[in-house]
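Subject: Structure handover

Hello,

Here is the structure we talked about. Please open it first, then read the notes underneath.

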Amino acid sequence: MGVRLYKEPKLNEPIMVACWPGIGNIGVIAVDILRRVMAAEELGEIEPWEFFYPRRVLIRDGELKGLEFPSNKFYFKKTGKKDVLFFIGEEQPSDGIRAYAEGTKAYRMANLVIDVALKFGCHRVYTSGAAVAPIHHTARSRVWVVPNSENLIDEAKSYENTVLMSDIEDRDGQGNITGLNGLLLGVARKRGLEAICVMGEVPVYIHGFPIPYPKGSKSVLEVLSTALGIEVPMDEINALVQQSESEIDSVYERLPSEIKEQLDKLKYVTYAKPSEPEPITEEDKKKILQEIDKLFKREPGGD
Amino acid sequence: MSEGQSFKLFAKPKLESSSLVVAWNQDVGKVGPGVVGYLNRKLEGREFAEINPEGFFSLGGVSVEEDIAQFPESKFYWYPEKSLVIFKSDIPQYEWYGFLSLVLDIAEKYCKVKEIYTVGGMVSTAAHTTPRMLLSVANSAEMKMMLGHYELVSDMDYETQDGQRPTFSSFLLWAAKRRNIVGASLWVTLPFYLLAVADPQACKKLAEFFNGRLELGIDFSDIDEEIVSQNKEIAQVRNKFPELDDYISKLEGNVSLNVNESEKLVREIEEWLRRTR
């Protein structure tokens, strides 16, 4: 019970990139593109039945042929320099109520991922996810970086377009990373591995909707490709960004003008340093979110 | 498997080889629990083990159904001199695979279970005067071949549709197959307007299968009386309410009802049968 490896390649100081779905599927989109661009090979999987309810049954001629579970796969790529290990989970193990994993199952799954990392001699893990931020969807998403040890701070800061928690207004270097993308940082630290979580920003007024946000993924992809020293063609992600932006724009145009005016203010706000002329206030933010919820008749979710 | 922590064992059944029949309390028309309840009564089943609810159910209070507080139950029964074991349970909310593994552990260790059946109901738009059908899904070619000796519909093709998920019975059959235990899900059809009340005919159809397969020697005269009595009651409704008679006649002629007609039929039949019992 646990991990099933299809092969056991000899890897050179591999770096692991791991992710599970979350807000805007930011991490999964970025990591999956990276995996495909690098033509990484399948390495193995975490046996899913201990963690998930099956999502599909196949019955043919009165015989149960199989059950399909969310996949949790490992991939590898030999690069000639530091090799790369990927882990991509299709779903976070949950109790069916919360979207994000927590508790025993999450801890068990995080440890299985780290088991594989250690087995292949990995010392560094990247995880990725989303950072909900008061930004406008036309703005470039920045990447929040959270390392699991102090000696990684300078490196994390050195990547272009990144911010630390301490760079963010009112956070004072504090925050939470919900679910396995966060938990893996802690488990890696406990087991002696360096890890950095890279989170692409998603606008606060979009994060509650079950839609991908490729703009955040693009920023994550840029940071990961720098960190791994790999050049990644951006055509695919650019096309996704363009499509998503036009879809968001069409919804945005249908918003009541009062709300749109409020949201437009986000174009001129940098939340690290509030700027002129009309920074969005907490009162404004609350009002905007209430109006948006009313418009779409749903509750906001979030990391 | 840790006795005391995850389950309680009250007795050790003396079985050399047995068949396990599994019913989930959350079943369409309560057919599953109805059938195993009937077998339990007829064969004087003895409870011998119970799975503890901790870790499998939320335990954040109790639900109330038909004015009665409910609590999750997962119990095993055995029957001296019969090669039958019954497991009747609520469907767990968490740790599904762990729960199924525990069921299979107990079944293998204490009952030497060689085959597994799950029983349940399947809603049908056919009239109550149409004979019930028994459908099967086997977890192996071997089991499918064995079921071929019985009068079952066993050529079903199915794939889970978006927005749905597999039944817990499918999950159990799959888990059993991993241990080389053969098994089958048996589904009996029942008319949609008898969902809220018992359908003794559906219950008998399943019980008859086990009676033949496991040589249980059950005398069905009591359930036959129930069937006759229920049919009489429905006949009275048809006489009294020509509109409902018309609806049922349509179903007997394979003509579908519209939503309003269906709802009215369900409501009136349910009300009538509840009042006369």
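A:Asn72 has A:Gly89 in S7(A) as its bridge partner. That pair belongs to a longer run: strand S6 (residues 72-77) and strand S7 (residues 84-89) of chain A are antiparallel and joined by six bridges. Bear in mind that this is a predicted model.

The sheet in chain A

S6 and S7 are part of an open sheet of nine strands, ordered S1-S3-S6-S7-S2-S8-S11-S9-S10 in chain A. Its pairing is mixed. Strand S1 (3-5) and strand S10 (162-163) of chain A are at the edges. Each has a single partner strand, so one side of each has no neighbour in the sheet.

Two helices of chain A lie across these strands. Helix H1 (residues 26-37) crosses strand S2 (15-19), S6, S7, strand S8 (124-133) and strand S11 (194-203) of chain A. H1 of chain A runs at about 140° to S8(A). Helix H5 (residues 214-228) of chain A lies across S2, S7, S8, strand S9 (143-147), S10 and S11 of chain A. Its angle to S11(A) is about 155°.

Pairing in chain B

Which residues stand opposite B:Glu50? On one strand the answer is B:Lys8. In S6(B) it is B:Lys75. The strands behind this are S1 (residues 7-9) and S3 (residues 46-51) of chain B, which pair in the antiparallel sense over three bridges. S3(B) is also joined to strand S6 (residues 74-78) of chain B by four bridges, again antiparallel.

The nonpolar core

The largest nonpolar core has 154 residues. A:Leu184 and B:Val85 have the most contacts inside it. Helix H2 (residues 96-111) of chain B gives the most to this core, 11 residues. Domain 1 (7-219) and domain 2 (223-276) of chain B both contribute, so the core lies between them.

Look at B:Val85 in detail. Leaving out residues up to four places away in sequence, B:Val85 touches B:Ser18, B:Leu20, B:Phe76, B:Tyr77, B:Trp78, B:Ala107, B:Cys111 and B:Val113.

On the chain A side, try A:Ala110, in helix H2 (residues 103-119) of chain A. Is A:Ala110 buried or exposed? It has 25 C-beta neighbours inside 10 Å, so A:Ala110 counts as buried. With residues up to four places away in sequence left out, A:Ala110 touches A:Leu180, A:Leu183, A:Leu184 and A:Val187. The C-alpha atoms of A:Ala110 and A:Leu185 are separated by 9.1 Å, although the two are 75 residues apart along the chain.

Domains of chain B

The centres of domain 1 and domain 2 of chain B, taken over C-alpha atoms, are separated by 28 Å. Contact involves 14 residues of domain 1 and 16 residues of domain 2 of chain B. Helix H5 (residues 200-213) of chain B gives the most to the domain 1 side, with four residues. By class, that side has nine nonpolar, four polar and one charged residues.

Backbone points to check

Most residues other than glycine have a negative phi. Two exceptions follow. A:Asn161 has phi near 70°. A:Asn161 is in the loop between helix H3 (153-158) and S10 of chain A. With 15 C-beta neighbours inside 10 Å, A:Asn161 counts as partly exposed. B:Glu44 has phi near 55°. B:Glu44 is in the loop between helix H1 (31-43) and S3 of chain B. It has 9 C-beta neighbours inside 10 Å, so B:Glu44 counts as exposed.

Best wishes

Definitions and conventions: Residues are numbered from 1 along each chain as its sequence is written. Chains are lettered from A and ligands numbered from 1 in the order in which they are written. This is a predicted model: local features need pLDDT of at least 70, side-chain atom pairs count only at pLDDT 80 or more; totals for chains, interfaces and linings use all residues. Two strands pair if DSSP finds at least two bridges between them. A nonpolar core is a set of buried Ala, Val, Leu, Ile, Met, Phe, Trp, Tyr and Cys residues joined through C-beta atoms within 7 Å. A residue is buried if 20 or more other C-beta atoms lie within 10 Å of its own, exposed if 12 or fewer, and partly exposed in between; C-beta atoms are placed from the backbone. Domain bounds come from an automatic or database domain assignment. Two residues are in contact if their C-beta atoms, placed from the backbone, lie within 7 Å. Ala, Val, Leu, Ile, Met, Phe, Trp, Tyr, Cys and Pro count as nonpolar, Asp, Glu, Lys and Arg as charged, and the others, Gly among them, as polar. Axes are lines fitted to C-alpha atoms, for helices over the stretch in contact, and angles run from 0 to 180 degrees between N-to-C directions.
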